[in-house]
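Here is a short note to read beside the coordinates. Please follow the points in order.

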Amino acid sequence: MAIQKKESYRDNPLLKRVGINVSFTEEQVEEYIKCRKDPLYFTKYIKIITLDDGVTQFKMYDFQEDMLRTFHNNRFTIMKCPRQVGKTTTTVAYLLWTILFQDSQSVAVLANRGETARGILGKLQLAYENLPMWLQQGVVEWNKGRVELENGSIIVASSTSSSAARSGSFNIVFLDEFAFIDDDARFYTSTYPVVSAGKDTQIIMAMLSA
């Protein structure tokens with residue numbers, strides 16, 4: 001549902017700007033609480049683009065549900081999957097849940113190419129724009145490389161250069177296409193200290209299977 005222009009972020013009717021109060025129905029309050037408690041339940045509100053149907057609901061397979069539970073219950077996750085199995089979309093759903101329902105979270109999406117990382121962030125932005133307004137946070141910043149929400153949470157996208165994550169501390173680092181990173185040992189040793197200082201910080205690593 002679109003909102004009025006004066007309530008939108010930079011005239012985007014699908015995004016709520018900072019400081020806009022939303023009136024909740026009793027049903028929406030119950031749904032919000034369920035989404036906040038359970039990232040798997042939240043995925044019922046995730047939309048994706050498919051070749052056949054355009055923008056449609058993300059319907060998860062059992063193995064994708066297992067992946068999401070693994071992210072949620074573990075600090076360090078390595079995925080070894082073939083292409084076109086929805087690993088990126090599943091990860092995006094979890095990252096979106098994190099920045100929406102947890103305050104002051106910092107998330108980094110890093111890939112072997114900056115274009116790939118920005119494409120992942122673009123999937124998250126598409127899912128965000130298709131959320132109902134009562135699930136959204138107000139948007140502080142929104143561009144191809146960074147999203148910041150009014151609850152203080154941010155997500156950034158970058159290439160996996162050895163210095164990509166050194167400038168900040170992150171609660172979650174998602175490393176995509178890890179097998180294609182040049183000098184991955186050097187990159188990992190420069191990235192690991194970014195998350196190792198916290199007790200609950202996470203690394204999610206994805207690579208292709210043979």
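1. A definition is needed before the sheet is discussed: angles run from 0 to 180 degrees between N-to-C directions, with axes fitted to C-alpha atoms. With that in hand, take helix α5, residues 114–129. Helix α5 lies across β6, β7, β8 (146–149), β9 (154–159) and β10. Its run makes about 155 degrees with β9. Note that this is a predicted model.

2. The sheet itself is open and has seven strands. Their order is β5-β11-β10-β6-β9-β8-β7, and the pairing is mixed. The edges are β5 (76–81) and β7 (139–142), each of which pairs on one side only. On average, neighbouring strands are turned by 10 degrees against each other, direction ignored.

3. Inside this sheet, β6 (residues 106–111) and β10 (residues 172–175) run parallel, joined by four bridges. One pair to check is Leu110 with its partner in β10, Leu175. Helix α3 also packs on the sheet, where it touches β5 and β11 (202–208). The direction of α3 makes about 155 degrees with that of β5.

4. How do α3 and α4 pack? Helix α3 (residues 62–73) meets helix α4 (residues 87–101) at about 40 degrees, and their axes are 10 Å apart. Angles from 35 to 65 degrees fall outside the parallel and perpendicular classes, so the two helices are oblique to each other. The crossing of α3 past α4 is right-handed. From α3, the contact uses Gln64, Met67, Leu68, Phe71 and His72. From α4, it uses Lys87, Thr90, Thr91, Ala93, Tyr94 and Trp97. By type, these residues divide into six nonpolar, four polar and one charged.

5. Phe71 deserves a look. It lies in α3. Is Phe71 buried or exposed? Its relative accessibility is 1%, so Phe71 counts as buried, the cut-off being under 20%. Leaving out residues up to four places away in sequence, Phe71 touches Thr77, Met79, Thr90, Thr91, Tyr94, Gln202 and Ile204. The C-alpha atoms of Phe71 and Ile203 are separated by 8.9 Å, although the two residues are 132 residues apart along the chain.

6. Thr88 belongs to helix α4. Thr88 is buried too, at a relative accessible area of 13%. Beyond residues up to four places away in sequence, Thr88 touches Ile120, Lys123 and Asp176.

7. Last, the hairpin. Strands β3 (residues 47–50) and β4 (residues 54–57) run antiparallel and are joined by four bridges. Three residues lie between β3 and β4. Lys47 has Gln57 of β4 as its bridge partner.

How values were computed. Residues are numbered from 1 along each chain as its sequence is written. This is a predicted model: local features need pLDDT of at least 70, side-chain atom pairs count only at pLDDT 80 or more; totals for chains, interfaces and linings use all residues. Side-chain values use heavy atoms; hydrogens and water are left out. Angles under 35 degrees count as roughly parallel, over 145 as roughly antiparallel, 65 to 115 as roughly perpendicular and the rest as oblique. A crossing is left-handed if the near helix is turned anticlockwise from the far one by less than a right angle, and right-handed if clockwise. Contact means heavy atoms within 4.5 Å. Ala, Val, Leu, Ile, Met, Phe, Trp, Tyr, Cys and Pro count as nonpolar, Asp, Glu, Lys and Arg as charged, and the others, Gly among them, as polar. Buried means under 20% relative accessible area, exposed over 50%, partly exposed in between (1.4 Å probe, protein chains only). Two strands pair if DSSP finds at least two bridges between them.
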